[in-house]
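Please look at how one strand is placed among its neighbours, and then at how two helices pack against each other. The report below takes these two topics in turn.

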Amino acid sequence: MLKNKKTKFMSIAIATLVIGSVLSGCGSSSTSKTTTKSAQLIRYNLGANPKTIDPALNTSVEGATVIANAFEGLTTVDVNNKAHPGVAKSWDVSKDGKNYVFHLRKDAKWSDGKAVTAKDFEYAWKRALAPATASEYAYQLYYLKNGQGYNESASPADQKTPGVATATADQVGVKAIDDYTLDVTLENSTPYFLPLMAFQTYMPVRKDIVEAHPTDWTINGPTYVSDGAFKMVDWKQKDKLEFVKNPNYWNKSTVKLDKLTYTTLDNETSYMSAYQSGQVDMIDAPPTEQIPSLLKQNKAKSYVNIGTYYYNFNLDPNAKLAPGVAKAINNVNVRQAISLAIDRASLVKNVTKAGQTPSTSFVPSGIVGPDGKDFKDKSYFKATADVTKAKKLLADAGYPDGKDFPTIELIYNTGEAHQSIAEAVQAMLKKNLNISITLRSVERKVQLDETAKHTYTGIARNGWSADYVDPMTFLDLFVTGGGNNASAYSNKDYDKLIAEAKSETNATKRFKEMHDAQDILMKDMPIIPLYEYNVISSMKDYVKGVYRTPMDTIYFTNAYVQK
């Protein structure tokens, strides 16, 4: 979803891409290629209806793509994930790296013509941190001085992080000095802070708009006031989101598209048909069975995505699980056994078929450390199933050959690929461990809601694409009480290592602390990493100038239709 600037701490070890295609709006099947190419119009299928497009509340890739093209932060990122001036035309950084003074451009405007000011950023960041907002991504602003203290100021005493003093909004390290000067103070020097400024949670929002329409400002074109390249006209739920070029965007001269439409088809066969008939210009994740031939015929391309596809165990002590299920999945031997019984090599070869890499750790490849080596320097388990060890672990847990093991439910969001993966895992667990799991398909919104609230009843499909190129974007997911900690995992030693790594300025020591943290995570196994993401995308040859970062955020700012 975001970006990273090369520093002495790390560099991107992957080439990002420029996509030579985009989308053509959703229309009737009579929409012709000629009509599409005669207008600067692109239609891209998101693959799901976003749960929200509120910068403070979104956690999904679908919402992030919409936000990235509707809003602009203090910085923007290019195809190589490098930070460039956005709303901020320049900035000053203190020698210790803890203080930034951003100088905003005076020609930055909102889509309704009002000026974008430093106060809009201060309001937005404090809104995301405010306990009442209940932002799952609030922790992304813990880099700000007293950010965590403010976010936890209204939490029950037993949920506050030890050693973190509560704070008021006024004590948070962001302050508008005047309309065009923003002073930011951090808890610790953060090497990826500048590219982080292009991340969704750091987008500005307008206080007057949000307070006048607190529950529905994001679902209506007139109230979805944004400061980026495109402004919303309409959102037809479960159908499409329509955007047009923002005439008040300060850099509008570089925007060639007149219209950008996002369709929300979640069935692979349906959106592939729409693409082939010319109703959509760009899709990701075509039907699995078609991927090998599409790649061979150059009708699809594979792009790097630093991310991991995985399953969560629900370890929340307050979750309403069946007694037998709670007992089973809270046993680390059971979790380890289930993980080891899965043949990831077979999964990517015979099920996903898109050239993915089997996961043998949680942090995927593509993040380079201070020693010049990839952070992923070891495998915690084999890519193939280790049935002998899995059976022993299950027996040690009290379930020899699966005897008396409860039936556990696995939920996954709608999609043929997710279903195929779930069915394959279901079969592997039955064959290798003699245990049964049931499957439940739910809409994307439901999946996000159940995992966020820990209301799923056993195991849930999940996935994570990096927000910036650093192992921390994966590892801080699982700190106790973390907003995106869908497993409700908690380990004090793990929390301590993550906190130390966030404050450590020595790059080598910092990476060592993160490696140690991942050792704990992989031993406790609150999750089951399955494979490392890539993105298979099909796009029309007349669409040009689209680029996507390794975080799987797609930018249409420079896109156009070649007539």
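What follows describes a strand with its pairing partners and then a pair of helices, all in a predicted model.

**A strand and its partners**

Strand β18, which spans residues 527–539, is mostly covered, since 13 of its 13 residues are buried. The table lists strands that pair with β18, together with a residue pair for each.

| Partner of β18 | Sense | Bridges | Residue pair (partner, β18) |
|---|---|---|---|
| β12 (residues 282–284) | antiparallel | three | I283, S538 |
| β13 (residues 301–313) | antiparallel | nine | N312, I527 |
| β14 (residues 357–358) | antiparallel | two | P358, Y531 |

As a general point, the side chains of a regular strand alternate between the two faces of the sheet.

**A pair of helices**

Two packed helices are generally described by the angle between their axes and by the distance between those axes. For helix α10 (residues 332–340) and helix α12 (residues 387–396), the axes come within 8 Å and cross at roughly 160 degrees. Because angles over 145 degrees count as roughly antiparallel, α10 is roughly antiparallel to α12. The crossing in which α10 passes α12 is left-handed.

Which residues make this contact? On the side of α10 they are N333, V334, Q336, A337 and L340, while α12 contributes K389, A390, L393, L394 and D396. Sorted by character, the residues of the contact of α10 with α12 comprise six nonpolar, two polar and two charged ones.

How values were computed:
Residues are numbered from 1 along each chain as its sequence is written. This is a predicted model: local features need pLDDT of at least 70, side-chain atom pairs count only at pLDDT 80 or more; totals for chains, interfaces and linings use all residues. Side-chain values use heavy atoms; hydrogens and water are left out. Buried means under 20% relative accessible area, exposed over 50%, partly exposed in between (1.4 Å probe, protein chains only). Helices (H or I, at least four residues) and strands (E, at least two) are DSSP runs, numbered from the N terminus. Two strands pair if DSSP finds at least two bridges between them. Axes are lines fitted to C-alpha atoms, for helices over the stretch in contact, and angles run from 0 to 180 degrees between N-to-C directions. Angles under 35 degrees count as roughly parallel, over 145 as roughly antiparallel, 65 to 115 as roughly perpendicular and the rest as oblique. A crossing is left-handed if the near helix is turned anticlockwise from the far one by less than a right angle, and right-handed if clockwise. Contact means heavy atoms within 4.5 Å. Ala, Val, Leu, Ile, Met, Phe, Trp, Tyr, Cys and Pro count as nonpolar, Asp, Glu, Lys and Arg as charged, and the others, Gly among them, as polar.
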